[in-house]
Amino acid sequence: MATFELYRRSTIGMCLTETLDEMVQSGTLSPELAIQVLVQFDKMVMFFRGQSMTEALETQVKSKVSIKGHLHTYRFCDNVWTFILQNATFKADEGSENVGRVKIVACDSKLLTQ
């Protein structure tokens, strides 16, 4: 099994694939662009191989993004936060992007190493 297949079956890979599928189904994203996103994900996996995804995000990612939107739903279960935002705006140095609905799942990274 290729490395990218393992990571595509990881939580982050499955979430990415599911989100891209939803965006293609809704017409928000073309199938060609969804494939390009997956190819970039695979390249990132090959680049960061040998590091955990948490380590890679901590050491390699320098961008900061702010998110604002209407909080539709939130949950805290088994040390995992889930937020569903509607009419969300993602702002970064490069500009901003509006999204109708976004689901954010977060947990304490210290729990992942235990």
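Two strands count as paired if DSSP finds at least two bridges between them. Strands (E, at least two residues) and helices (H or I, at least four) are DSSP runs, and their numbers start from the N terminus. What you see here is a predicted model, so local features need pLDDT of at least 70 and side-chain atom pairs count only at pLDDT 80 or more, while totals for chains, interfaces and linings use all residues. Residues are numbered from 1 along each chain as its sequence is written, and side-chain values use heavy atoms, with hydrogens and water left out.

**View 1. The whole chain, before we zoom in.** The protein chain holds five helices and three strands. Follow the sequence and you meet them in the pattern α-α-α-α-β-β-β-α. Of the 114 residues, 15% are buried, where buried means under 20% relative accessible area, exposed means over 50%, and partly exposed lies in between (1.4 Å probe, protein chains only). Now take the contacts (heavy atoms within 4.5 Å). Among those in the chain with a separation of 6 or more, 31% link residues 24 or more positions apart. The chain exposes about 8,900 Å², and carbon and sulfur atoms supply 55% of that. Areas like this come from the Shrake-Rupley method with a 1.4 Å probe; for residues, only the protein chains shown count as cover.

**View 2. The three-stranded sheet.** The strands line up as β1-β2-β3 in an open sheet with antiparallel pairing. At the edges sit β1 and β3 (95-107), each pairing on one side only. Neighbouring strands are turned by 10° against each other on average, direction ignored. For that angle, axes are lines fitted to C-alpha atoms (for helices, over the stretch in contact), and angles run from 0 to 180 degrees between N-to-C directions. As background, strands of a sheet pair through backbone hydrogen bonds, either parallel or antiparallel.

**View 3. Where β1 meets β2.** Ten bridges join β1 to strand β2 (residues 80-92), in the antiparallel sense. Have a look at a few partners: isoleucine 67 has phenylalanine 90 in β2 as its bridge partner, lysine 68 is matched with threonine 89, and leucine 71 stands opposite leucine 85. In the hairpin of these two strands, two residues lie between them, and aspartate 78 takes a positive phi near 55°.

**View 4. Where β2 meets β3.** This antiparallel pair is joined by twelve bridges. The two strands form a hairpin, again with two residues between them. One of the partnerships to pick out is isoleucine 84 with lysine 103 in β3.

**View 5. Asparagine 87, a residue with an unusual backbone angle.** Most residues other than glycine have a negative phi. Asparagine 87 is not a glycine, yet its phi is positive, at about 50°. This residue belongs to strand β2 and counts as exposed because its relative accessible area is 61%.

**View 6. Threonine 82 and isoleucine 104, neighbours across strands.** Threonine 82 is part of strand β2, and its relative accessibility of 13% is why it counts as buried. Skip the neighbours within four places in sequence, and threonine 82 is in contact with Thr73, Tyr74, Arg75, Lys103, Ile104 and Val105. Isoleucine 104 has its place in strand β3; with a relative accessible area of 25%, isoleucine 104 is partly exposed. Not counting residues up to four places away in sequence, isoleucine 104 touches Ile67, Trp81, Thr82, Phe83 and Leu85. The C-alpha atoms of isoleucine 104 and phenylalanine 83 are separated by 5.1 Å, though the two residues are 21 apart along the chain.

**View 7. A nonpolar patch on the surface.** Leu71, Tyr74, Phe76 and Trp81 make up this patch, with about 440 Å² of accessible area together. To join a patch, a residue needs over 30% relative accessible area and no salt bridge; like charges are joined within 9 Å, nonpolar side chains (Val, Leu, Ile, Met, Phe, Trp, Tyr) within 5 Å. A salt bridge, in turn, is a side-chain nitrogen of Lys or Arg within 4 Å of a carboxyl oxygen of Asp or Glu. Strand β1 (residues 66-77) gives the most to the patch, with three residues. Leucine 71 is found in that strand, and its 39% relative accessibility makes it partly exposed.
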